[in-house]
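Dear colleague,

I am passing on a structure to you, together with some notes on what turned up in it. Please look through it first and then read on.

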Amino acid sequence: MPISYKIDILAELKATGYSTYRLRKEKLLGESTIQSLRSGELVSWENISRICEMLNCQPGDLLQFSK
């Protein structure tokens with residue numbers, strides 16, 4: 001797929017205090033979204049928006065296009 005993640009999103013979230021346990025417990029991200037991020041699959045724009053809010057970043061900081 002030509003669009004992929006620039007960073008390990010779950011590792012970045014963990015570094016800023018959002019463990020997968022916290023993400024599930026506080027219902028910040030669903031289990032299927034967490035599994036998709038683990039396997040490198042793209043998630044919905046709604047989830048990208050939520051991740052950007054948690055990491056205080058822009059979508060371009062998370063995603064990249066490659067031929």
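How many disulfides does a search of the whole structure find? The search finds zero, and since this is a predicted model, the statement concerns the predicted coordinates. The cysteines deserve a word here, because the sulfur of Cys52 has its closest cysteine sulfur in Cys57, at 4.0 Å, which is too far for a bond, the cut-off for a disulfide being 2.5 Å. Seen from the other side, the closest cysteine sulfur to that of Cys57 is the one in Cys52, again at 4.0 Å and too far for a bond. Both side chains sit away from the surface by the accessibility criterion: Cys52 is buried at 7% relative accessibility, and Cys57 is buried as well, with a relative accessible area of 17%.

The nonpolar interior comes next. The largest nonpolar core has 18 residues, of which Leu13, Leu23, Leu29, Leu37, Ile51 and Leu62 touch the most other members. At least two residues of this core come from each of α1 (9-15), α3 (31-38) and α4, and α4 gives the most, with five residues. As general background, nonpolar side chains in soluble globular proteins tend to be buried together. Leu13 can serve as an example of how the chain comes together around one core residue: apart from its neighbours within four places in sequence, Leu13 is in contact with Tyr18, Leu23, Leu29, Met54 and Leu55.

Which residues does Asn47 contact, leaving aside its neighbours within four places in sequence? They are Leu29 and Thr33. Asn47 itself belongs to helix α4, which covers residues 45-55, and with a relative accessible area of 11% Asn47 is buried, the limit for that label being under 20%. The side chain of Asn47 also makes a polar contact, at 3.1 Å, with the side chain of Ser44.

Turning to charged side chains, the search of the whole structure finds three salt bridges. In general terms, side chains of opposite charge can pair when their charged atoms come close. The three pairs can be set out as follows:

- Arg24 and Glu31 form a salt bridge in which the closest N and O atoms are 2.3 Å apart; Arg24 is partly exposed at 34% relative accessibility, and Glu31 is partly exposed at 37%.
- Glu26 and Arg22 meet through their side chains in a salt bridge of 3.1 Å, N to O; Glu26 is partly exposed, with a relative accessible area of 44%, and Arg22 is partly exposed at 29%.
- Arg50 and Glu46 meet through their side chains in a salt bridge of 3.1 Å, N to O; both lie in helix α4, four residues apart, or about one turn of the helix. Arg50 is partly exposed, with a relative accessible area of 28%, whereas Glu46 counts as exposed at 56%.

One further position may be useful for orientation when you open the model. Gly60 lies in helix α5, which covers residues 59-62, and at 39% relative accessibility Gly60 counts as partly exposed. The C-alpha atom of Gly60 is separated by 28 Å from that of Lys25, a residue 35 places away along the chain.

With best regards

Notes. Residues numbered from 1 in each chain as written. Predicted model: local features only at pLDDT ≥ 70, side-chain atom pairs only at ≥ 80, totals over all residues. Heavy atoms only, no water. Buried < 20%, exposed > 50% of the residue type's maximum accessible area, 1.4 Å probe, protein only. Polar contact = N/O pair within 3.5 Å; in protein donor to acceptor, adjacent residues only side chain to side chain. Contact = heavy atoms within 4.5 Å. Core = buried A, V, L, I, M, F, W, Y, C linked by side-chain atoms within 4.5 Å. Salt bridge = Lys/Arg side-chain N within 4 Å of Asp/Glu carboxyl O.
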